[in-house]
Amino acid sequence: MNPAQIFADHALELSWGDIPGSARLAARTFLHDTLCVGAAGVRAAYADEMLTVAAAWGSGGDSLVLGRPGLRLPRASSAFLNAFQIHAQEFDCVHEAAVLHPMATLLGAVLGEAGGGRQLSGPDILTAIVAGCDVSIGLGLAATTPLKFFRPATSGIFGAIAAVARMRGFTSPQLMDAFGYGLALASGTMQAHQEGKPALPVQIANAARSAIVACDIAQTGVPGAQNSLVGDFGYLTLFEDGFDLAPVLAGLGRVFRISQVSWKPFPTGRAAHGGLAAVDALMSEQGLTSANLQSLTYHAPSLIARLVGRPMIPQMGVAHARLCFPYLAAVLLTRGVVGLESFAPDMLIDPNLQALAAKITVEVDDNPDPAAFVPAAAQAYLNDGRQISTQVTAQLGSPDWPLSVAQHLEKARACLAFAGLAAVHLPLRDLIDRFDTLDDARLAFHLAAGEP
């Protein structure tokens, strides 16, 4: 059977009652995390420039934008700006094995679609999120070779389309057509990542916007390509060098991918998280300081070096800094924390941070898995001749090492405070706790926009 049809049927037929408690909790948790991260994104680099871009496409819509009280945009424009803000500070959740940020594209599109005037309940929204994650994460997991395209955008568009299609009450043929237009509109490469440019959140934003557009086209009855995933020129055929969908399709309805998603405790590339946790452990347990460090090497799988092994450079931009482990570790060593405030212009050119970062490197180990984040190890030599080290077997924030409820809530609070919405924290937490009882899910979205 056509894999696109299998995904479409799963996405449309899934009901709230089919979803186990662990996946329901994960859906609520990462909805909350993503709303707060997206609100904080109002202060991200280039967020106001993206507002200018989106506003130029036209006005008159009724879709809100996180962290921007009173602003209304057309659905596709809202999806674009919300998705940009969610990913712009590298703080949104991630599925490690799929190398994918599933919620940025998906929730950007969901927030845009939620302005369409039709009331949707909490369970409606959560089921759309679970279904969309099954699609986008499933496509990421199907890949058997290293990524060359930016999966949060390229596979993310299909998950976002599935979620929007559910919200609109699409038939299976309509969703198949929408998937076809998702293939037509899918784009996004790793070049911006390699160069440390801010195009990564733009690619996610474009995917969220294009998900709305694909559904708009399909809803008019214009037919789309049907073999959109594995056809001779389908998504997986063109965007991945190797893939195997069979295990993913076999797990639909039994394995709910939202339960495999990880928090990001630091607003950085996920590949830096294991190293930062290792540096923190060396500081707290073995006495490592910025003053006594002679050199530090993080021995990690090839993906880590590829994604965050870059050196700190003069005139470094924020996008480069968030993906630069030497800089991030230097900040942690000197400031004790890596947070939303860690990318101020004066810090990016701080000569003391530059000197410390020059002592920190990432080296590739012999792990053959092209998508592995762990195991890894940090090894430091100190000025007194001592050698200290620590092992990393799981990423902080992963299902194997999850954030506590207190840590999750503190991240949410800090994000809202960064956006100037500290007063929203407690009421939003209350709505999320009972989100699956809400008749109108937009209540929570209005709060995250800063509208009591």
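These exercises work through four parts of a predicted model.

**Exercise 1. Helix α14**

Task: Find how far α14 reaches, which of its residues are buried, and what they pack against.

Solution:
- Start with the length. Helix α14 covers residues 273-286, 14 residues in total. From first C-alpha to last, α14 reaches 19 Å, close to the 20 Å expected at 1.5 Å a residue.
- Next, burial. The buried residues are H273, G274, G275, L276, A277, A278, V279, A281 and L282.
- Then the partners. The buried residues of α14 pack against three strands and a helix: β1 (293-300), β3 (376-382), β4 (387-392) and α17 (325-335).
- Finish just after the helix. There G287 takes a positive phi of about 80°.

**Exercise 2. The sheet**

Task: Give the strand order, name the edge strands, and place the helices that pack on the sheet.

Solution:
- The order is β2-β1-β3-β4, in an open sheet of four strands with mixed pairing.
- The edges are β2 (360-364) and β4, since each pairs on one side only.
- From one strand to the next, the twist averages 20°.
- Now take one pair. β1 and β2 run in the parallel sense, paired over five bridges. T297 stands opposite T361 in β2.
- Add the helices. α14 packs on the sheet and touches β1, β3 and β4; its direction makes about 135° with that of β4. α17 also packs on the sheet, touching β1 and β2, and its direction makes about 135° with that of β2.

**Exercise 3. The α8/α9 pair**

Task: Are α8 and α9 roughly parallel or roughly antiparallel? Which residues meet?

Solution:
- Take the axes of α8 (residues 156-168) and α9 (residues 172-185). They come within 10 Å and cross at roughly 150°.
- Apply the cut-off: angles over 145 degrees count as roughly antiparallel. So α8 is roughly antiparallel to α9.
- Add the hand. α8 passes α9 in a right-handed crossing.
- List the contacts. From α8 come I157, F158, I161, A162 and A165; from α9 come L175, A178, F179, G182, L183 and L185.

**Exercise 4. Helix α20**

Task: Where does α20 lie, which of its residues are buried, and against which helices do they pack?

Solution:
- Helix α20 spans residues 405-418 and has 14 residues. Its reach is 20 Å from first C-alpha to last, close to the 20 Å expected at 1.5 Å a residue.
- H408, L409, K411, A412, C415, L416 and F418 are buried.
- Why look at the spacing? Residues three or four places apart point the same way, because an α-helix has 3.6 residues a turn.
- The buried residues of α20 pack against α2 (21-40) and α21 (425-433).
- Just after α20, G420 takes a positive phi of about 80°.

Note on methods. Residues numbered from 1 in each chain as written. Predicted model: local features only at pLDDT ≥ 70, side-chain atom pairs only at ≥ 80, totals over all residues. Heavy atoms only, no water. Helix = DSSP H or I, 4+ residues; strand = E, 2+ residues; numbered from the N terminus. Expected span 1.5 Å × (residues − 1). Buried < 20%, exposed > 50% of the residue type's maximum accessible area, 1.4 Å probe, protein only. Contact = heavy atoms within 4.5 Å. Pairing = 2+ DSSP bridges. Axes fitted to C-alpha atoms, helices over the stretch in contact; angles between N-to-C directions. Parallel < 35°, antiparallel > 145°, perpendicular 65-115°, else oblique. Left-handed = near helix turned anticlockwise from the far one by under 90°.
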